[in-house]
Amino acid sequence: AAAQAAQAAHFSPWLSLAAPHLCPDDPHASSVAPYAVLHLFVDRAHGLPAADLNGLSDPYVTAQINDMDLAVRTSTQNNTLGPRWSEHFELNVYRPESILTLFVHDEDFGHEDTVGFAGSLVGLSDDLLGIVDISLEKLPLNTKISGWFELQRGHLGHATSSYLTRVANAKTAEPAGQIRLQLTLSVQEPQHELYALCLGPLAFKEPMK
């Protein structure tokens, strides 16, 4: 609903040309309406790594765009390596070259910022099972795309690595199962994508050494 309301405010081609600085990388601080809305359907996954002593996991999915956290979190599916979520999300997209990142976690007692550093050391924090990065510029406009996407193990086993870090370590990334998604990049006017390119390059977090 929030994504639909933002797009209903109407993307401004002229503002993109005249004042691109009004669209920062953080979408929560943007003064420009998104040029597109991504309809994301998180269907299911299979072949996930086992994170618990019983040989299973309790998977859920979160998301980022361009290293920025989104208000996306699926339900947790307990005791399975082949979860089925069947959940739909609508995401604002401000830049055509954006990277959507999905993280599959195993639920324990929360992220490191919840359980603390000591809690993460003794295994209380949620484990990262797999990551997939999707380039939105490769999606056709106003067309539904469905398929299985390969998940990779996260760098150093956690979700704090940036997109550039994952690119730098792509050759050594280990497979971590697959996730089935349905994506539709919805725009009101196809030419808005060209104007949105005027907003300038993406600013990702610095890669980890």
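Colleague: What does partly exposed mean here, and what is the value for arginine 180?

Modeller: Buried means under 20% relative accessible area, exposed means over 50%, and partly exposed lies in between. This is a predicted model. Arginine 180 counts as partly exposed because its relative accessible area is 23%.

Colleague: Is aspartate 43 buried or exposed?

Modeller: The cut-off for buried is under 20% relative accessible area. Aspartate 43 has 13% relative accessibility, so it counts as buried.

Colleague: Which residues are linked with aspartate 43 in a network of salt bridges?

Modeller: Side chains of opposite charge can pair when their charged atoms come close. The side chains of arginine 44 and aspartate 43 meet at 2.6 Å, N to O. Arginine 180 also forms a salt bridge with aspartate 43, with the closest N and O atoms 3.8 Å apart. The partners in the network are Arg44 and Arg180.

Colleague: How many residues apart in sequence are the parts that arginine 180 and aspartate 43 tie together?

Modeller: Arginine 180 sits in strand β8, residues 175–186. Aspartate 43 sits in strand β1, residues 36–46. The pair therefore ties together parts separated in sequence by 137 residues.

Colleague: Which residue forms a salt bridge with glutamate 107?

Modeller: Glutamate 107 is in the loop between β5 and α3, and its partner is in strand β3, 34 residues apart. The closest N and O atoms are 2.8 Å apart. The partner is arginine 73.

Colleague: Where does pLDDT stay under 50?

Modeller: The mean pLDDT of the chain is 82. Where pLDDT is low, the predicted coordinates should not be read in detail. The stretch under 50 is residues 115–123.

Key
Residues are numbered from 1 along each chain as its sequence is written. This is a predicted model: local features need pLDDT of at least 70, side-chain atom pairs count only at pLDDT 80 or more; totals for chains, interfaces and linings use all residues. Side-chain values use heavy atoms; hydrogens and water are left out. pLDDT is the predictor's confidence in each residue, from 0 to 100. Contact means heavy atoms within 4.5 Å. A salt bridge is a side-chain nitrogen of Lys or Arg within 4 Å of a carboxyl oxygen of Asp or Glu. Buried means under 20% relative accessible area, exposed over 50%, partly exposed in between (1.4 Å probe, protein chains only). Helices (H or I, at least four residues) and strands (E, at least two) are DSSP runs, numbered from the N terminus.
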